[in-house]
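Let's take a walk through the charged pairs here, with one backbone oddity to finish. Have a look at the fold before reading on.

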Amino acid sequence: MRHRPSDPPDPCRVPPDLFDECRMVRARGELDPTTAAALAHALEEARTGYGRVFLIVDLSEVTLTDASLLRPLCAAWDDCRARQGWVRIVHSSTAIDLVLLGGGVLTRFPAHASAQDAWRGTTTASRTGHAPPAPPAPPRPDHLPRAPHPPPTPAPTRPPSPGVRSCRRS
């Protein structure tokens, strides 16, 4: 049903042009070398066509993953960025964060709590107003005596090479 200009706007209706460029891919279960090909195919299919692509990858139902997740995500990132779009990930898994961290792309793919948050760009860290707490530093054993440092060893002195003048004045 189309709205005529005289109809009051529906608060739940979002103009379709906001979501025309947004696509979503969901993964479930285990992502490993045997199943990553299906994810790669779904991500490629979501990027077909021309123009900008905003891609939300919902990994909230992924139970196990390894580094095979990285190649398809990074390929999607490169393609979407080249087309002035983005890729955002929905998940709440520490394991996925560790895989992304190990691959050096955790800052590229911060976690979003839902597809709506991903669309808005609200990461799970920004929802709470701060980043997740850093692990505590190991306790420093200040009560233990420190080993004495050996005295510094003087640098060996060499006589200047023949024909080379020293910069020091005598």
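Helices and strands here are DSSP runs, with at least four residues for a helix and at least two for a strand, numbered from the N terminus. Keep in mind that this is a predicted model.

## Salt bridges across two strands

How many salt bridges does the structure hold? The count comes to 5. One of them pairs the side chains of R26 and D58, at 3.3 Å from N to O. This pair links distant parts of the chain: R26 belongs to strand β1 (residues 22-31) and D58 to strand β2 (residues 54-65), 32 residues apart. The two ends sit in contrasting surroundings, too. R26 is exposed at a relative accessible area of 51%, whereas D58 is buried at 9%.

Another bridge brings the side chains of E61 and R28 together, at 2.9 Å from N to O. E61 is in strand β2 and R28 in strand β1, so this pair ties together parts of the chain that are 33 residues apart in sequence. Exposed, buried or partly exposed: where does E61 fall? With a relative accessible area of 43%, E61 is partly exposed, because that label covers whatever lies between under 20% (buried) and over 50% (exposed). R28, on the other hand, makes it into the exposed class at 53%.

## A pair within one helix, and a network

Next comes a more local case. D117 forms a salt bridge with R120, and their closest N and O atoms are 3.9 Å apart. Both residues lie in helix α5 (residues 115-120), 3 residues apart, or about one turn of the helix. D117 is buried, with a relative accessible area of just 7%, while R120 is exposed at 57%. Then there's a joined-up set: R47, D79 and R83 form one network through salt bridges that share partners.

## An odd phi in a loop

Finally, the backbone oddity. Which residue has a positive phi although it is not a glycine? That's Q84, with a phi of about 60 degrees. You'll find Q84 in the loop between α3 (70-82) and β3 (86-90). Is the Q84 side of things buried or exposed? Q84 counts as exposed, because its relative accessibility is 57% and the cut-off for that class is over 50%.

Conventions:
Residues numbered from 1 in each chain as written. Predicted model: local features only at pLDDT ≥ 70, side-chain atom pairs only at ≥ 80, totals over all residues. Heavy atoms only, no water. Salt bridge = Lys/Arg side-chain N within 4 Å of Asp/Glu carboxyl O. Buried < 20%, exposed > 50% of the residue type's maximum accessible area, 1.4 Å probe, protein only.
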